[in-house]
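Thanks for coming. I have one model to go through today, so please look at the screen.

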Amino acid sequence: MDNGKVVLITGASSGIGYQTAEMLLQQGYRVYGAARRVEKMEPLKGKGLQSLKLDITEEASIVNLVDTIIHDAGKIDILINNAGYGSYGVIENVSLQEARNQFEVNLFGLARLVQLVLPYMRKQKNGKIINISSMAGRVTTYMGAWYHATKYALEAFSDALRMETKPFGIDVVIIEPGGIKTNWGIIAAEHLKESSQKTAYEIRANEAAKKMKKSYTSNRLSDPKLIAETIVKAVHSKRPKTR
Ligand code: NDP
């Protein structure tokens with residue numbers, strides 16, 4: 001049962017994105033999932049997912065993604081910008097190249113996708129953009145400077161975008177998850193450890209990475225299904241009339 005709404009979700013190959021795509025498929029949305037590891041989305045293909053390859057750091061890949069969906073479905077009603085990663089490490093040690101790459105994924109790639117999708121949403125005078133930020137977009141933690149910088153920037157970007165798109169009937173929603181048990185923490189911990197090896201911060205960084213890994217492999221963190229439910233609620237939500 002197709003409810004007629006077309007959703008594009010980035011980072012659907014893993015964690016929060018994967019669970020959200022699955023829930024939306026169950027509810028009859030026509031879901032396009034995008035990520036570099038298309039093979040990871042294979043199990044959702046049987047449930048109706050259209051999986052597409054995307055490297056959000058590459059212009060051609062982003063353009064190709066939007067062109068393919070528009071050619072296939074003619075519109076994108078809901079864009080869920082979920083792809084992202086955390087590269088933890090102390091400011092003194094993290095290369096600017098790594099810092100820039102994090103901004104490419106968490107902000108600039110996302111922004112480019114928004115630029116390409118907006119004309120179609122404006123044309124139909126309707127649409128929703130859901131940006132997955134983080135609590136890390138509100139508060140900072142130890143050795144996470146660049147990740148926090150990307151998410152703080154995403155918060156500002158999203159708030160400004162909402163003001164611009166409101167007259168066109170397009171809403172912008174920010175979701176700020178806390179710690180969710182996905183691969184995110186494992187990747188962040190690995191970056192933290194690697195970037196501080198043989199530096200003055202090595203011992204502290206190793207300790208912090210160990211703690212992070214332990215926490216992301218324990219059952220103390222929330223299941224990604226929980227935040228997927230929140231994202232699905234945002235997909236359903238209507239803009240309050242008072243705003
Ligand atoms: P995962 O590592 O499980 O998933 C990250 C997703 O991002 C993957 O599907 C990955 O796909 C995709 N991605 C990363 N780089 C690229 C790229 N260059 N091009 C396209 N896709 C890319 O982590 P989560 O599910 O936890 O993360 C989802 C979002 O939630 C992120 O924005 C993260 O910052 C945010 N978040 C996570 C929290 C947590 O505790 N887990 C807390 C708060 C926010 P692939 O590698 O196949 O390309």
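Let me start at the C-terminal end with a question: what do the buried residues of α8 pack against? They pack against α1, β4 (78-81), β5 (127-132) and β6 (170-175). Before I go further, note that this is a predicted model.

Staying with that helix, α8 covers residues 224-236, which is 13 residues. From its first C-alpha to its last it reaches 19 Å, close to the 18 Å expected at 1.5 Å a residue. The buried residues in α8 are Pro224, Ile227, Ala228, Ile231 and Val235. They are on the same side of α8, because they cover an arc of only 110° around the axis. Turned away from that buried side is a face that carries the exposed residues Lys233 and His236. If you rotate the view around α8, you can look at the buried side and then at the face with Lys233 and His236.

Now the overall layout. The chain has eight helices and six strands. Read from the N terminus, the order is β-α-β-α-β-α-β-α-β-α-β-α-α-α. The C-alpha trace spans about 55 × 40 × 35 Å along its principal axes. Is the radius of gyration what a compact globule would have, or is it not? For 243 residues, a compact globule would have a radius of gyration near 18 Å, and the chain has 18 Å, so the two agree. Of the 243 residues, 40% count as buried. As for contacts, take those between residues at least 6 apart in sequence: 70% of them join residues at least 24 apart.

Next, α1, which we have already met as one of the elements that the buried residues of α8 pack against. This helix runs from 15 to 26. Its twelve residues should span 16 Å at 1.5 Å a residue, and its end C-alpha atoms are 17 Å apart, which agrees. Which residues of α1 are buried? They are Ile16, Gly17, Tyr18, Gln19, Thr20, Ala21 and Leu24. The elements that cover them include β1, β2 (30-35), α2 (42-45), β4, β5 and α8. Just after α1 comes Gly28, with a positive phi of about 90°.

The N terminus itself is a short item. Met1 lies in the segment before β1 (6-10). Met1 is exposed, with 4 other C-beta atoms within 10 Å. Its C-alpha is separated by 9.5 Å from that of Arg30, although the two are 29 residues apart along the chain.

On to the ligand. How many residues surround the ligand? There are 31, and the closest are Gly11, Gly15, Arg36, Arg37 and Gly84. By class, that shell has twelve nonpolar, 15 polar and four charged residues. Among the helices, α1 and α6 (184-196) each supply at least two residues of the shell.

Since α6 has come up, take one residue from it. Ala189 is found in helix α6, and Ala189 is buried, with 24 other C-beta atoms within 10 Å. Leaving aside neighbours within four places in sequence, Ala189 is in contact with Tyr88, Ala209, Met212 and Lys213. The C-alpha atoms of Ala189 and Asn206 are separated by 8.7 Å, with their positions 17 residues apart along the chain.

Another helix residue to mark is Thr165, in α5. Thr165 is partly exposed, with 19 other C-beta atoms within 10 Å. Beyond residues up to four places away in sequence, Thr165 touches Ile170 and Val172. Thr165 and Ile129 are 36 residues apart in sequence, and their C-alpha atoms are 9.9 Å apart in space.

Last, two backbone angles that you may want to look at. Met143 has a positive phi of about 65° although it is not a glycine. Met143 is in the loop between β5 and α5 (145-165). Is Met143 buried or exposed? With 24 C-beta neighbours inside 10 Å, Met143 counts as buried. Lys198, also not a glycine, has a positive phi near 60°. Lys198 is in the loop between α6 and α7 (202-217). With 7 C-beta neighbours inside 10 Å, Lys198 counts as exposed.

That is what I have; questions are welcome.

Terms used
Residues numbered from 1 in each chain as written. Predicted model: local features only at pLDDT ≥ 70, side-chain atom pairs only at ≥ 80, totals over all residues. Helix = DSSP H or I, 4+ residues; strand = E, 2+ residues; numbered from the N terminus. Rg over C-alpha atoms; globule rule 2.2 N^0.38 Å. Buried ≥ 20, exposed ≤ 12 C-beta atoms within 10 Å, placed from the backbone. Contact = placed C-beta atoms within 7 Å. Near = placed C-beta within 6 Å. Nonpolar A, V, L, I, M, F, W, Y, C, P; charged D, E, K, R; others polar. Expected span 1.5 Å × (residues − 1). Arc of directions from axis to C-beta.
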